[in-house]
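Take a look at the fold before reading on. The text below goes from the elements to the whole, then to the sheet, the backbone and the ligand.

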Amino acid sequence: MKSEVLYKTPKTLLNKGTGFLNGYSHTLNPYTGCTFACSYCYVRQMPVSIFRNGEWGSWVDVKLESAAILRKELKRAKTKGPVTIFMSSSTDPYQPVEAKEQVTRALLEVMVGEPPDFLFVQTRSPLVRRDIDLLQQLGDRVRVSMTVETDREDIRKHFTPSAPPVQARLKTLELLRDAGIPTQAAIAPVLPSTAAFPEILRPLVNRVCIDDYFMGDGSGGKRTKRLPVQVLYEELGLEEWYDPAAYQIVYDRFSQAFPKEQLFVSQQGFEP
Ligand code: SF4
């Protein structure tokens with residue numbers, strides 16, 4: 001899909017962590033919009049998408065002057081108490097436009113100079129490997145959470161055709177691990193996967209978060225129900241996976257390969 005790229009200077013960058021992310025003092029979105037355009041993206045149902053011309057995934061706003069704005073806000077926030085940042089709650093900080101615009105990289109540079117108490121980086125993009133040098137400088141103040149909803153590439157293509165391949169995400173987890181960066185795999189939302197999935201992740205991460213639409217979309221699954229997601233399961237004859245009990249299948253499989261203390265469910269896995 002061709003996407004429209006617009007450039008805007010925001011008034012603020014740091015927002016208060018609320019709801020699902022109330023364990024954080026702040027959330028940080030380098031972009032508005034996300035061209036990964038996942039079918040199930042809960043942001044499709046939020047005002048930022050609803051009140052916008054153009055379908056979610058077909059546009060992205062690049063936030064100009066981000067580094068200068070963040071530097072100022074971060075300094076101020078740190079005088080008021082611990083600063084814990086979730087990046088990002090309604091976009092992917094390493095979506096394709098980041099390769100050229102480097103807003104996320106500029107924000108990381110600011111955070112290396114003015115470190116927050118904790119930074120959680122949520123992405124599904126192999127581009128995060130470009131910033132290993134900066135992430136290393138944040139030491140144990142950072143965790144990179146890589147979304148890997150399934151080990152099945154055919155399933156990934158069916159639900160998120162514009163997102164990066166599973167194999168590239170696994171390779172990125174390996175590189176992050178080798179670089180000593182704290183990581184986790186986020187099976188979020190749970191999509192149909194195979195029994196071999198835990199053994200694929202076992203050598204790569206020592207922390208796995210499992211989440212689904214019913215726990216993790218911020219509305220008990222209601223936002224997801226308003227999207228044409230169910231039909232995607234029906235097309236594959238896999239309706240049993242569109243069910244609040246489906247995450248348990250995955251959790252049980254992972255319990256065979258990971259100790260319980262390395263497995264997190266829903267919000268727990270995204271906390272600082
Ligand atoms: S990567 Fe995240 S923010 Fe982007 S479309 Fe997919 S779910 Fe939404």
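Helices and strands here are DSSP runs, of at least four residues (H or I) for a helix and at least two (E) for a strand, numbered from the N terminus. With that in hand, P189 can be placed: it lies in the loop between β9 and α8 (197-201). The model is a predicted one. In total, the protein has twelve helices and eleven strands.

Start with the overall shape. How does the radius of gyration compare with that of a compact globule? For 272 residues, such a globule would have a value near 19 Å; the protein has 18 Å, which agrees. Along its principal axes, the C-alpha trace spans about 50 × 45 × 30 Å. Of the 272 residues, 44% are buried. Contacts reach far along the chain. Among those with a separation of 6 or more, 76% join residues 24 or more positions apart.

Now the sheet. Eight strands form it, in the order β2-β3-β6-β7-β8-β9-β10-β11. The sheet is open, and its pairing is mixed. At the edges are β2 (14-16) and β11 (263-265), each paired on one side only. From one strand to the next, the twist averages 25°. Strands of a sheet pair through backbone hydrogen bonds, either parallel or antiparallel. Consider one pair. Strands β8 (residues 142-147) and β9 (residues 183-187) run parallel and are joined by four bridges. T147 stands opposite A186 in β9.

The backbone has some details to check. Which peptide bonds are cis? One joins M87 and S88, with omega about 15°. S88 sits in the loop between β6 (84-87) and α3 (98-101). Another runs from A188 to P189, with omega near 0°. P189 is the loop residue placed at the start, between β9 and α8.

Two residues have a positive phi although neither is a glycine: A37, at about 55°, and S266, at about 50°. A37 belongs to the loop between β4 (31-32) and α1 (47-50). S266 falls in the segment after β11. Are they buried or exposed? A37 has 19 other C-beta atoms within 10 Å, so it is partly exposed. S266 is partly exposed too, with 16 such atoms within 10 Å.

A37 leads on to the ligand. The residues around the ligand are C34, F36, A37, C38, C41, V43, T91, D92 and R124. By class, this shell divides into six nonpolar, one polar and two charged residues.

Conventions. Residues numbered from 1 in each chain as written. Predicted model: local features only at pLDDT ≥ 70, side-chain atom pairs only at ≥ 80, totals over all residues. Near = placed C-beta within 6 Å. Nonpolar A, V, L, I, M, F, W, Y, C, P; charged D, E, K, R; others polar. Rg over C-alpha atoms; globule rule 2.2 N^0.38 Å. Buried ≥ 20, exposed ≤ 12 C-beta atoms within 10 Å, placed from the backbone. Contact = placed C-beta atoms within 7 Å. Pairing = 2+ DSSP bridges. Axes fitted to C-alpha atoms, helices over the stretch in contact; angles between N-to-C directions.
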